[in-house]
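Biologist: Could you pick one part of this model and walk me through it closely? I'm new to this, so please keep it plain and take it one step at a time.

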Amino acid sequence: MAGYNEVVAESMANERVGGSQQCLEVITEGHKAVGDLLATESGRRELEAKFNICTPGALDNEANAEQFAGDGVVYLPVQSNDPACKGPHCNIEKICELMTDSSVGSPLDRLISLHADQSGGACTPANHELYLRAIANPKDSGRSWYYQTCTEWGYYMTCPVGSKCPYVQGLHKLTSDYEMCSRAFGIDQTTVDESIAFANDMYGGVDIQGTRIMYPNGEIDPWHANGVLVPPNDQSPVLNVLGASHHVWTHAAEDTDTEEVVAAKHAIWDQVTAWLKEE
């Protein structure tokens, strides 16, 4: 089964949503160039200048380098892809238009251009310690999800060397996620591992069993890598929605919904209605 970031790669190459193999190759080549530059002092200074890093010398710190490039130096809106969005570079199709425009320069130049657009001119922190402090802050709005990964699900988005992950491979290691759990919540690695094992035992893991459960999956949603893609029994249907991002069938109906999303919403409605009519 592909991991989260490998599905990101597949989605950026998906022609159904405006992606292409060329687009993916440019993104991958650009991040490889970033990785090569991180390996030398002069290269790190070059990256700090071109990506407007807030603190000079920040990328000399390995944890900061991971924070900057381990999950991509740009945001790829795969999980939230909206084919009808209006802003610049707001979906896969519009990003791939930039990535495949050779007039912008090299693959690295194209990533720099997209990064500049997405940052709005603000400098890039590239500060691992600041990231950990933010999650440890009880007022942080995203803290609850991180806590759930540490106490139940795990499923961290690493980028292993030799995988199809399009980012700088080898930077985001599982050890950094364990560190996050420890620093933000006081939960050590052993407890994280035990909690994940308990969740798999409780719900069934890859052999999940139940009745009257429907499993919808979006084709380009990276989370489908951890989804149920094959019906586990005859009372648990699976719905694989072509071109769909993350749980779009839960959103209010819009005129811009694709035919596939409209059909998925009807299928879910019909299935739940049928179950409610059963004795």
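**A close look at helix α2**

Modeller: Let's start where α2 meets α6: from α2 come Val26, Ile27, Glu29, Gly30, His31, Ala33, Val34 and Leu37, and they touch Pro107, Leu108, Arg110 and Leu111 in α6. Sorted by class, that contact has 8 nonpolar, 2 polar and 2 charged residues. Keep in mind that this is a predicted model.

How do the two helices sit against each other? The axes of α2 (residues 21–38) and α6 (residues 107–119) come within 7 Å and cross at roughly 95°. Angles of 65 to 115 degrees count as roughly perpendicular, so α2 is roughly perpendicular to α6.

Now look along α2 itself. This helix has 18 residues and reaches 26 Å from its first C-alpha to its last, close to the 26 Å expected at 1.5 Å a residue.

Which residues of α2 are buried? They are Cys23, Leu24, Val26, Ile27, Gly30, His31, Val34, Gly35, Leu37 and Leu38. Try reading those numbers with one rule in mind: an α-helix has 3.6 residues a turn, so residues three or four places apart point the same way. You can follow Cys23, Ile27, Gly30, Val34 and Leu37 through the buried list in that spirit. What covers the buried residues includes α6, but also α1 (4–12), α3 (41–50), α4 (62–69) and α5 (92–99).

Next, the nonpolar core. In soluble globular proteins, nonpolar side chains tend to be buried together. Here the largest nonpolar core has 43 residues, and the ones touching the most other members are Met12, Val34, Phe51, Phe68, Leu76 and Met99. At least two residues of this core come from each of α1, α2, α4, α5 and α6. Of these, α2 gives the most, with 6 residues.

Met99 is a nice one to zoom in on, as it ties the story together. Setting aside its neighbours within four places in sequence, Met99 is in contact with Cys23, Val26, Ile27, Arg110, Leu111 and Leu114. Apart from the largest core lies another one, of 11 residues, including Ile135, Tyr178, Ile187 and Val192.

So, to retrace the route: α2 and α6 cross at roughly 95°, α2 has buried residues such as Val34, and Val34 is also among those touching the most other members of the largest nonpolar core.

Note on methods
Residues are numbered from 1 along each chain as its sequence is written. This is a predicted model: local features need pLDDT of at least 70, side-chain atom pairs count only at pLDDT 80 or more; totals for chains, interfaces and linings use all residues. Side-chain values use heavy atoms; hydrogens and water are left out. Axes are lines fitted to C-alpha atoms, for helices over the stretch in contact, and angles run from 0 to 180 degrees between N-to-C directions. Helices (H or I, at least four residues) and strands (E, at least two) are DSSP runs, numbered from the N terminus. Angles under 35 degrees count as roughly parallel, over 145 as roughly antiparallel, 65 to 115 as roughly perpendicular and the rest as oblique. Contact means heavy atoms within 4.5 Å. Ala, Val, Leu, Ile, Met, Phe, Trp, Tyr, Cys and Pro count as nonpolar, Asp, Glu, Lys and Arg as charged, and the others, Gly among them, as polar. The expected span of a helix is 1.5 Å times one less than its number of residues. Buried means under 20% relative accessible area, exposed over 50%, partly exposed in between (1.4 Å probe, protein chains only). A nonpolar core is a set of buried Ala, Val, Leu, Ile, Met, Phe, Trp, Tyr and Cys residues joined through side-chain atoms within 4.5 Å.
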